[in-house]
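Here are a few exercises to work through with the model open beside you. Try each task before reading its solution.

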Amino acid sequence: MLQINNLHTTVADKPILKGLSLAINAGEVHAIMGPNGAGKSTLAYALGGRDGYDVTEGSAAFTPPRHSREGGSPEEGTELDSRLRGNDEEIDLLQLDPHERAAAGLFLGFQYPVEIPGVSNIQFLREAANAQREARGEEALSGGEFLKLAREKAGLLKMDMEMLKRPVNVGFSGGEKKRNEMVQMGILDPRLAILDETDSGLDIDALRVVGDGINKIMRAPDKAVLLITHYQRLLEYVQPDYVHILADGRIVRTGGPELAKQLEAEGYDAIMEAA
Amino acid sequence: MDRRASTSSALTVSTMASPLPTRRPTHKDEAWRYADLNALEALWPLPAPEAIMVPAGGGLKRAIVPEGGVTQIELTLGKGAQASLHVLNSAGDYGRVELDVKLHEAADFTLDAVQLASESQSMEIVTTVRHLEPGATSRQTIRNIASAKGSVTYLGQVAVAEGAQKTDSEQDVKSMLLDRTATANAKPELEIFADDVQCAHGATVGELDAGALFYLASRGLPPARAKQLMLQAFVAGVFDEAEEAEKLAEAALSKLGEMV
């Protein structure tokens with residue numbers, strides 16, 4: 001699904017990622033943990049393609065699996081017309097513009113979702129969903145189809161439909177913003193979700209709802225998740241297959257879920273000294 | 001850049017020259033400082049301004065959508081009269097809308113305007129709002145967007161006469177520049193000769209927020225569409241109260257689509 005090799009990234013000419021390598025297969029959930037300043041958010045932004053996060057070395061290959069609803073397989077010769085559509089073809093993620101990365105199946109959950117006054121959530125999401133579909137050579141969703149989809153996903157995240165009619169994130173609490181991110185993820189139906197501190201700002205109930213949402217939306221054989229988090233608590237709800245520790249721009253240790261628990265008990269310093 | 005100032009006590013600021021000189025103006029005339037004088041030359045001499053009188057207790061609602069050129073209106077509101085003007089100034093090489101408004105006791109004036117200038121267009125709104133008697137209100141909301149070598153200007157003077165107590169006036173001017181080569185001029189001015197008034201004025205000039213644009217792009221919106229959506233949000237609501245509000249909003253949107 002995602003193969004990152006020796007990724008180096010600078011922000012304002014300052015090296016942040018210093019040779020990060022990571023492989024994520026379809027069906028897996030990975031967690032990246034690390035102290036402040038380790039480069040966690042930089043990794044998310046570099047993979048999302050944000051201006052100012054310059055990749056100076058290394059590669060990121062994205063191979064989005066074909067969506068189950070498409071049927072057929074590349075081996076059977078049923079090739080789809082768009083390279084963003086999952087022909088089991090490797091895509092050089094770093095060559096794509098941010099909106100093309102989204103169309104190819106990448107979703108970035110923001111640590112601080114942006115407020116956009118004057119634009120309703122629902123209008124924005126319908127446009128975004130249809131822009132992605134157009135880029136993949138798929139038919140646009142009608143108003144009715146979209147509303148049905150939105151209602152279903154909002155229900156999954158226990159979010160009031162009224163909130164979807166309000167301007168994007170304006171006046172939302174921290175928890176509501178994160179929940180809105182997950183509703184967006186549900187509607188856009190990505191192959192790979194990179195969730196940057198989605199657990200911050202959530203109380204314990206919201207954490208459970210968001211955790212459930214991630215499982216329901218993203219736990220599938222043709223999908224994968226990269227959770228970026230400070231704390232172990234989200235991992236109680238979304239069981240990772242692998243836990244990586246990021247320090248000083250590199251993955252310094254990889255383990256199973258037990259590594260997160262050990263980290264919580266012993267702290268970063270102890271673990272990193274051992275590594 | 002964000003400058004906001006509000007005044008609620010007696011204050012005098014520099015006086016603006018009369019916006020309607022009888023000789024051909026130059027850039028030394030304050031009200032014509034940013035005008036496209038070459039374009040003006042072809043239009044000179046200007047016809048007499050349109051004079052509108054709204055009698056005591058009366059009401060006026062009008063949309064002004066010039067095809068370019070100079071539009072001059074002298075508007076007088078009688079006691080307790082109301083007027084609401086909606087302006088979309090975006091057509092022609094040079095478009096200038098000039099309003100000289102006189103408010104009598106408890107009159108209520110509202111101006112909601114959008115100016116859009118692309119290529120080498122020059123758009124300006126020049127207003128003088130005179131609070132002649134007590135208790136009148138005036139609200140001006142201006143949203144400007146300029147791209148390429150476009151230029152947008154708002155020069156607005158609010159003059160509160162001696163004895164015009166309980167005047168309540170507001171000038172809210174926001175400008176958005178889409179390119180480094182575009183220009184925005186904003187000059188809200190107050191001239192106050194009464195001591196019990198509320199006069200607020202604010203002017204900001206900014207550019208589209210890069211973080212918000214990335215957020216929209218990360219959801220799959222192509223850059224031009226993301227910009228258009230942000231600009232749509234920027235002018236949202238300005239025409240809500242207008243007659244044929246949808247038609248005005250659509251005209252503005254279609255022009256915005258060409259600008260990004």
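Two residues are in contact if their C-beta atoms, placed from the backbone, lie within 7 Å. The model is predicted, so local features need pLDDT of at least 70 and side-chain atom pairs count only at pLDDT 80 or more, while totals for chains, interfaces and linings use all residues. Residues are numbered from 1 along each chain as its sequence is written, with chains lettered from A and ligands numbered from 1 in the order in which they are written.

**Exercise 1.** List what A:Leu227 touches, not counting residues up to four places away in sequence, and place A:Leu227 in the largest nonpolar core.

Solution. Start with the neighbours: A:Leu227 touches A:Val29, A:Ala31, A:Leu195, A:Leu234, A:Val238 and A:Pro240. Next, recall the terms. A residue is buried if 20 or more other C-beta atoms lie within 10 Å of its own, exposed if 12 or fewer, and partly exposed in between; C-beta atoms are placed from the backbone. A nonpolar core is a set of buried Ala, Val, Leu, Ile, Met, Phe, Trp, Tyr and Cys residues joined through C-beta atoms within 7 Å. The largest such core has 141 residues, and A:Leu227 is among those touching the most other members, a group that also includes A:Val225 and B:Phe109.

**Exercise 2.** Describe the side of chain A that touches chain B.

Solution. First, count: 21 residues of chain A meet 17 residues of chain B. Then locate them, using DSSP runs numbered from the N terminus (helices: H or I, at least four residues; strands: E, at least two). H2 (98-104), E7 (116-120), H3 (121-135) and H6 (174-188) of chain A each give at least two residues, and H3(A) has the largest share, five residues.

**Exercise 3.** Check the length of H3(A).

Solution. The expected span is 1.5 Å times one less than the number of residues. For the 15 residues of H3(A) this gives 21 Å, and the end C-alpha atoms are 21 Å apart, so the two agree. Buried residues of H3(A) include A:Phe124, A:Arg126 and A:Glu127. After H3(A) comes A:Gly137, with a positive phi near 75 degrees.

**Exercise 4.** How confident is the predictor in chain B?

Solution. Use pLDDT, the predictor's confidence in each residue, from 0 to 100. Chain B has a mean of 91, with 92% of its residues at 70 or more. Now look at residues 1-18 of chain B: pLDDT stays under 50 there, and the model has 31 contacts for them beyond four places in sequence. For the model as a whole, ipTM is 0.92 and pTM 0.84.
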